[in-house]
Amino acid sequence: MNDIAKHTDDLLPLYDLDESIPLIPVRDLVVFPHMVLPLFVGRSSSIKALEEAVSGGGLLVVSSQLDSEVDKPKPAGIHSVGCLVRVLRSLKLPDEGVKVIVQGISRVRVKEYLKTSPFYVVQVESFSDPPASVEKSLQMEALIRNVREQLQKLVAMGRLISPDILVVAEKTEDPGKLADLIMGNMGLGEEESQEVLEILEPELRLVKTGELLQRETELTTMQHKIQTDAKEEINKSQREYFLREQLRAIQKELGEVDEKTEEVNVLKEKMERTGMPQAVKDEAFKQLGRLGRMHPESPEAAIVRTYLEWFSELPWSKRTRDTLNLRKAKRVLDEDHYDLEMVKERILEYLGVRKLKSKLKGPVLCFVGPPGVGKSSLGKSIARAMGRKFVHLSLGGIHDEAEIRGHRRTYVGAMPGRIIQGLRQAGSSNPVFMLDEVDKLGSDFRGDPSAALLEVLDPEQNHSFTDHYLGVPFDLSRVMFITTANHTDPIPSALKDRMEVIDLPGYTADEKLKITRQFLLPKKMEEHGITDEQLRISDKAVMKAIEEYTREAGLRNVEREMATICRKVARRIVEGEEKCHRVTAGNLGNYLGVRKYIPEPEQEEDEVGVGTGMAWTYAGGDIMYVEAAPMRGKGELVLTGQLGNVMKESAHAALSYVRSRTDRLGLESKFFSRKDIHVHVPAGAVPKDGPSSGITIASAIASALTGIPMSRDVAMTGEITVRGKVLPVDGLKEKLLAARRAGIKNIILPAQNKKDLGEVSKKIKQGMEIILVEEMDEVLDHVLVRKPGPKPSTRAPKKLRRGAAATREAGASFS
């Protein structure tokens, strides 16, 4: 235990233990009988107990605490078996503590706590060992020898034990005293020592002591073996260590000292934790070794350092856990977006398959639709529904292939591509990655970014996508890529082939009303700090704002108008108008100003030479009128309205069809040689092109030449051939939406577009009569009102101005 610990065989006088005895709890220490050792007493209660013992005969009970961290232990926190000691000497210390030397007398068990304040006073019963027998059994003799040998073996292994203890142990024949002597000086743990102290039978006590010595011997042997094995490794690397230390000392003298070694170690630890593949790890550690040999101030060291930092910060194996609860995912999608059932169904299908098969490659979806229909926000909603991180990358205007694939490290300022940067930003290898405006990629002498995306978006290749900067493969197969586009025509066919295209057409007025009520208006009110008690907008006011202040397929302008209302209300509230502001259709102009789109009365009568066509624009579908008027001339066709080449060819094909039907239309064969025909499409400042206006132009020409009016409640789209065949067209959803917004319920479509009607929402088709035709003759039967009218009219209907105003925002396409 310590140098002053001694063993005594002197018989101590007997003490009357029926009287009360002070008790001192001690930490991390077990006192055994026949031991002399110092105690340092610091607690005020223990000092008072010591003073009471000294004044009352010098007897004291010492017992160890159950928890050494407790400063004031309760009786339940003190072992019941302790040691009765005699105070031999005490000395006050400068720190108000007391150093006391005590001598163990016998084991005692606390029977009762007579007093707990200001110190413990207990009543105990004492246990003394029976006198040792002169003649020992062979088993006892063997046990004593075994214990002595194990003690000597421990000393030979380097265990620090006082030589006096070994001498006393050789002379002690009493098994109980021998056990107490060894346990009191071996410095074993408190639990093992307390366990031996509580054993009253001397022989059992010595057996337990032998077991503990045997365990200590085995532990010491194993420790020496480990040290021997480690010493061989140390000797092997010691030479390198000393050489590096000498090199560091030389660098210090040269003024080249830095924290390079620490930096290398930190990078090494980071890369060990990333879980990168073995091939990647080999390259990383190769570059790490280069960094360790470089001068820290060299330019190349900075390049390698940045390179390794990218390696250590990429999520090579880190990923988020998908939310595979389909009901929860559907609830999240419904909370964020109204309708869009096809998209939601596709996401739920993916999650369903993902639940059945854990290793599933991420899909590549492409949302195509006009601006403001919710393509970008839908990506965030999908990420939230799946429990994944979300990364957004806008591809609009990117011309350099290196933006996608990264720059090679040979260039100054080289960096990884935007794909790897996005993954580092997300901190996950399986985020929802949105590539916005994929149809607006550019290309020049620096390369074609769309070609670089071929590898990124190909599930068969992107498991080993190699960024030029990293130079090692990175697995993108777990990433869910979502691209967006306003239309698919500019997207290269090879890139389009790698994506699953999902069309997002515009919304009807009723759908816009519901979306505004459910999403836009609460969002804007919250952004402007307005409560429901301060602002109330009627449904008629919202519908009027949709119809008379916006004209779009999406909802961006509707959102702006709602924000305008909220701003004006917020200003009035700040100025002192605390009342509830009610916005109705009647007072909407006070908040939004003059109406931007004034609805004109519907065409009161069927007119000659004016046909209603349906066009596709970047902002969605729209209604466009085609006018035709005959005049004296030489049989020429005059086309105006800034028409493209394809649309001009459609006009010539339409005229050829009409000329081939002179008998059916009741026209003279020489009629065309004396007349010129002028075809005009209003909104002349807007470029127009596409083949789908063919049947509209042919109907307008036939009406103008025969003088038969065209039905005012029929809109049409379809390509025409010179033989009068009606061919299919694109953009059906957008065109039907435009007809619904214009209030037209009779629609003529090519019969081959019947398959496309299944993809159009029932809400769009509700209340419409769809007429499918194969021949132009059928179109004339439906669109020409069979009653002679006045002379051919060239006046466009009043409703024409509405269609013209709606298309000034973007070029129209009769595709």
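In helix α1, the residues Ser46, Ile47, Ala49, Leu50 and Ala53 are buried. Look down the axis of α1 and these buried residues fall within an arc of 160°, so they line one face of the helix. Ser44 and Ser55 are on the other side of α1, and both are exposed. What sits over the buried residues? The cover includes the strands β2 (21-26), β3 (35-41), β4 (59-64), β5 (81-92) and β6 (98-115). Keep in mind as you look around that this is a predicted model.

You can also check the length of α1 for yourself. The helix has twelve residues, 44-55, and at 1.5 Å a residue it should span 16 Å; the C-alpha atoms at its ends are 17 Å apart, which agrees. Just past the helix comes Gly57, with a positive phi of about 120°.

Now step back for a moment to see the chain as a whole. It holds 29 helices and 27 strands. Of its 815 residues, 48% count as buried. Take the contacts between residues at least 6 apart in sequence: 75% of them join residues at least 24 apart.

Back to the details, and to some backbone oddities. Most residues other than glycine have a negative phi, and most peptide bonds are trans. The loop between β2 and β3 holds Asp28, and that is also where His34 is found. Asp28 has a positive phi, near 50°, without being a glycine. His34 is not a glycine either, yet its phi is positive too, at about 70°. Are these two buried or exposed? Asp28 has a relative accessibility of 55%, so it counts as exposed. His34, with a relative accessible area of 18%, is buried, because the cut-off for buried is under 20%. Further along, in the loop between β6 and β7 (120-127), you come to Pro118. The peptide bond that leads from Ser117 into Pro118 is cis, with an omega near 5°.

Next, follow the chain to an open sheet of five strands. In which order do they lie? The order is β9-β10-β13-β8-β14, and the pairing is parallel. At the edges are β9 (390-394) and β14 (500-503), each of which pairs on one side only. On average, neighbouring strands of this sheet are turned by 20° against each other, if you ignore direction.

Let's start from the β9 edge. β9 runs parallel to β10 (residues 432-436), and five bridges join the two strands. Within this pair, Phe390 stands opposite Val432 of β10. β9 also has two faces worth telling apart: Val391 and Leu393 make up the covered one, while Phe390, His392 and Ser394 make up the uncovered one.

Elsewhere on the sheet, helix α11 (residues 341-356) lies across β8 (364-368), β13 (480-485) and β14. The helix runs at about 145° to β14.

Strand β13 is also home to Thr484. With a relative accessible area of 0%, Thr484 is buried. What does it touch? Leaving out neighbours within four places in sequence, Thr484 is in contact with Phe367, Lys375, Met434, Leu435, Asp436, Glu437, Val438 and Asp439.

One of those contacts, Phe367, leads us on to the nonpolar cores. The largest nonpolar core has 51 residues, and the members that touch the most others are Phe367, Ile382, Leu535, Ile537, Ile565 and Val583. Pick out Ile382 and see what is around it: setting aside residues up to four places away in sequence, Ile382 touches Leu333, Ile347, Phe367, Val432, Met480 and Ile482. Apart from this core lies another one, of 50 residues, and Val304, Trp316, Cys366 and Phe465 are among them.

Terms used. Residues are numbered from 1 along each chain as its sequence is written. This is a predicted model: local features need pLDDT of at least 70, side-chain atom pairs count only at pLDDT 80 or more; totals for chains, interfaces and linings use all residues. Side-chain values use heavy atoms; hydrogens and water are left out. Helices (H or I, at least four residues) and strands (E, at least two) are DSSP runs, numbered from the N terminus. The expected span of a helix is 1.5 Å times one less than its number of residues. Buried means under 20% relative accessible area, exposed over 50%, partly exposed in between (1.4 Å probe, protein chains only). The arc is that of the directions from the helix axis to the C-beta atoms. Contact means heavy atoms within 4.5 Å. Two strands pair if DSSP finds at least two bridges between them. Axes are lines fitted to C-alpha atoms, for helices over the stretch in contact, and angles run from 0 to 180 degrees between N-to-C directions. A nonpolar core is a set of buried Ala, Val, Leu, Ile, Met, Phe, Trp, Tyr and Cys residues joined through side-chain atoms within 4.5 Å.
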